[in-house]
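Please study the sequence and the three-dimensional structure shown below before attempting the exercises.

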Amino acid sequence: MNRQLRSVHRSMGAIVAVFVMMLAVTGVLLNHTVDFKLDQRYLTWDWLLEHYGVANVEPDAVFLLDQHVISQFDTQVFVDAKPVTHVQRALLGGVVLDDLIVIATDDALILLSPEGEFIERMGSAAGVPAMIQNIGLFHGDPVIQTRDGMFRSDFLLEQWERISLVGIGWSTPQPMPDSVEIELAEYFHGKGITVERLILDIHNGHIVERYGIWILDILALMMIVISLTGLWMWGRQRSRKVTREL
């Protein structure tokens, strides 16, 4: 009985010791948050952001036009890492004219300045053919492919003529450049998770969400058991010593 009790006592003691050391280390760090600038240091590890529910947001579409990256996240359109407008339809592509960036959805053309500022939206009321499927360039002129055929215009985008051409440079999706992806991640999620928050969540058990409370409760019970078994073994040893002396 004593041997089994000692084994349980030692095993629980080792487990509790690990967590007590963790609590002590994190507690000391939290006491010196200002000294170590823990509230000013940020972590951007993918797994950590995902754990906190701020994982990277994947773009619905990305197009590289001139020196700009045009991307869509849900209904929001970005030029580089700057939001410029909202659209209810998916972006299909874009082209660069002399003094315009033109991006297309299936029911409209969105006009942007060379600096990426929103100018206007042109739909069927402005003479733009409906049911757009893609947009491209043919010798510098904008061309759109629709379900009803192919149409070409000039830089004014006011008149569209039906055509049948080959050799058109159609707009195609591209991967997001790393530099813009980093800026967009900061736009959506801020700078990341502060070291202070991570240490605090480890200290109070919130790092494992709702399970943290149960883990701390189990540790508390284990400490009670260790204390009781320690007192019991000490009492037994004390009793034996007194008996020998008598």
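The exercises below treat a sheet, two nonpolar cores, a set of aromatic rings and a helix, each with a worked solution.

The model is predicted, and local features need pLDDT of at least 70, side-chain atom pairs count only at pLDDT 80 or more, while totals for chains, interfaces and linings use all residues. Residues are numbered from 1 along each chain as its sequence is written, and side-chain values use heavy atoms, with hydrogens and water left out.

**Exercise 1. Determine the order of the strands in the open sheet of 4 strands, and explain which strands stand at its edges.**

Step 1. Strands are DSSP runs of E with at least two residues, and helices are runs of H or I with at least four residues; both are numbered from the N terminus. Two strands pair if DSSP finds at least two bridges between them.

Step 2. Strands β6 and β7 pair in the antiparallel sense over 4 bridges, and a hairpin of 4 residues joins them. Within this pairing, V96 stands opposite I101 in β7.

Step 3. Strands β7 and β8 are also antiparallel, with 4 bridges, and 4 residues lie between them in a hairpin. Here I103 has I110 in β8 as its bridge partner.

Step 4. Strands β8 and β9 run antiparallel and are joined by 4 bridges; L112 stands opposite F118 in β9.

Step 5. The order is therefore β6-β7-β8-β9, with antiparallel pairing. Because β6 (93-96) and β9 (118-122) each have a single partner strand, one side of each is left without a neighbour in the sheet. The twist averages 20° from one strand to the next, where axes are lines fitted to C-alpha atoms, for helices over the stretch in contact, and angles run from 0 to 180 degrees between N-to-C directions.

**Exercise 2. Describe which way the side chains of β7 point, and identify the residues with the most contacts inside the largest nonpolar core.**

Step 1. In a regular strand the side chains alternate between the two faces of the sheet. In β7, I101 and I103 point one way, V102 and A104 point the other way, and all are buried. Buried means under 20% relative accessible area, exposed over 50%, and partly exposed in between (1.4 Å probe, protein chains only).

Step 2. A nonpolar core is a set of buried Ala, Val, Leu, Ile, Met, Phe, Trp, Tyr and Cys residues joined through side-chain atoms within 4.5 Å. The largest one has 15 residues, and V102, L109, V128, I135, I144, L157 and W160 have the most contacts inside it. Strands β7 (101-104), β8 (109-112) and β10 (132-138) each supply at least two residues of this core.

Step 3. Another core, of 13 residues, lies apart from the largest one, and I103 is among its members, as are F63, V77 and V79.

**Exercise 3. Explain what the aromatic pair of F78 and F188 ties together.**

Step 1. Rings of Phe, Tyr and Trp (its six-membered ring) pair if their centres lie within 6.5 Å; planes under 30 degrees apart count as stacked, over 60 as edge-to-face and the rest as tilted. The whole structure holds 6 aromatic pairs.

Step 2. The pair of F78 and F188 is tilted, with 5.6 Å centre to centre and 55° between the planes. Because F78 lies in strand β4 (residues 76-79) and F188 in helix α4 (residues 178-189), the pair ties together parts that are 110 residues apart in sequence.

Step 3. F78 is buried, with a relative accessible area of 0%, whereas F188 is partly exposed at 30%.

Step 4. Y187 and F188 form an edge-to-face pair, 5.2 Å centre to centre with 85° between the planes. Ring pairs link F73, F78, Y187 and F188 into a cluster.

**Exercise 4. Explain how the buried residues of helix α5 are arranged around its axis.**

Step 1. In α5 (residues 195-204), the residues V195, L198, I199 and D201 are buried.

Step 2. An α-helix has 3.6 residues a turn, so residues three or four places apart point the same way.

Step 3. The buried residues of α5 fall within an arc of 160° seen down the axis, so they line one face of the helix. The arc is that of the directions from the helix axis to the C-beta atoms.

Step 4. T26, found in helix α1 (residues 2-31), is in contact (heavy atoms within 4.5 Å) with I199, I202 and H203, leaving aside its neighbours within four places in sequence. T26 is buried, with a relative accessible area of 8%.
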